[in-house]
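The following exercises concern one protein chain. Each task is followed by a solution set out in steps.

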Amino acid sequence: MQSDISCRRGTLEDLSRLKVAEGLSITPESAEFNILGMGHELWVAVEGAKIVAFIVLGRTSSNELIIMVLEVANSHKGRGIGSALVKAAMKHYAKSEFVVIPSEGAEDFYRRLGFEKDDKWKMRRTLPEDPREVSKSM
């Protein structure tokens, strides 16, 4: 991933002041109602003054987060931005497990990030036995 892209927790202010890359299905209105209004978190990858990718995280328990949506602008796919964004969230919540129901063809992407098949649809990234291993895997 290029160093001029930063990954961080996003806000409604980000959506109102930054341009959203073409092809991303997010607006300030949709984020306010569907994400923040529902108690979910928005994380963004920003290049200059443009949001080029985002993820939506939902909390399923005190120790588990679900990746509900991951989108990367077509113009930025294949550059490691999606991986960097997921890793930033996992690093921020190093003591939480992450779950995802991957879209078709995305299982290998999540396997590379340490997720394993949990049941028919879900994949899970569990915490290592040794907490020091969390930071090593990022």
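**Exercise 1. Classify the residues of the aromatic cluster by burial, and describe the ring geometry.**

Step 1. Y110 has a relative accessible area of 5% and is therefore buried, because the cut-off for burial is under 20%. This value, like the others below, comes from a predicted model.

Step 2. The same cut-off, under 20%, applies to F115, which is buried with a relative accessible area of 2%. F109 is buried as well, as is Y110.

Step 3. The structure contains two aromatic pairs. One joins F109 to Y110 in an edge-to-face arrangement, with 4.9 Å centre to centre and 85 degrees between the planes.

Step 4. The other pair is formed by Y110 and F115; this pair is also edge-to-face, at 5.3 Å centre to centre and with 75 degrees between the planes. Edge-to-face requires planes over 60 degrees apart, so the assignment follows from the angle of 75 degrees.

Step 5. Through these ring pairs, F109, Y110 and F115 are linked into a cluster.

**Exercise 2. Describe the largest pocket and state which elements line it.**

Step 1. The volume of the largest pocket is about 430 Å³. It is lined by 25 residues, of which L70, S103, A106, F109 and Y110 are the closest to its centre.

Step 2. Three elements give two or more residues to this lining: strand 5 (64–72), helix 3 (81–92) and helix 4 (107–112). Strand 5 gives the most, with seven residues.

Step 3. By residue class, the lining divides into 13 nonpolar, eight polar and four charged residues.

Step 4. The pocket and the cluster of Exercise 1 can now be related. F109 and Y110, listed among the residues closest to the pocket centre, are also ring partners of each other.

**Exercise 3. Determine the setting of Y93 and identify the charged group over its ring.**

Step 1. Y93 is located in the loop between helix 3 and strand 6 (97–100).

Step 2. With a relative accessible area of 14%, Y93 is buried, since the value falls under 20%.

Step 3. Over the ring of Y93 sits the charged end of R59, 5.4 Å from the ring centre.

Step 4. A C-alpha distance places Y93 with respect to G114: the two residues are 21 residues apart along the chain and separated by 15 Å.

**Exercise 4. For R125 and H76, give the location, the burial and the polar partner.**

Step 1. R125 belongs to strand 8 (residues 123–125), whereas H76 lies in the loop between strand 5 and helix 3.

Step 2. R125 counts as buried because its relative accessibility is 7%. H76 likewise counts as buried, at 7% relative accessibility.

Step 3. A polar atom of the R125 side chain lies 3.3 Å from the backbone oxygen of L113.

Step 4. For H76, the partner is E47: their side chains make a polar contact of 2.6 Å.

**Exercise 5. How far apart are I35 and V56, in sequence and in space?**

Step 1. I35 is part of helix 2 (residues 28–35).

Step 2. Its relative accessibility is 7%, so I35 counts as buried.

Step 3. I35 and V56 are 21 residues apart in sequence, while their C-alpha atoms are 7.1 Å apart in space.

Conventions. Residues numbered from 1 in each chain as written. Predicted model: local features only at pLDDT ≥ 70, side-chain atom pairs only at ≥ 80, totals over all residues. Heavy atoms only, no water. 1 Å grid on protein atoms, 1.4 Å probe; cavity = no way out; pocket = protein on both sides within 12 Å on 5 of 7 lines; lining within 4 Å. Points joined across faces, edges and corners; volume = space filled by probe spheres on them. Helix = DSSP H or I, 4+ residues; strand = E, 2+ residues; numbered from the N terminus. Nonpolar A, V, L, I, M, F, W, Y, C, P; charged D, E, K, R; others polar. Phe/Tyr/Trp six-rings, centres within 6.5 Å; stacked < 30°, edge-to-face > 60°. Buried < 20%, exposed > 50% of the residue type's maximum accessible area, 1.4 Å probe, protein only. Lys NZ or Arg CZ within 6 Å of the ring centre and 35° of its normal. Polar contact = N/O pair within 3.5 Å; in protein donor to acceptor, adjacent residues only side chain to side chain.
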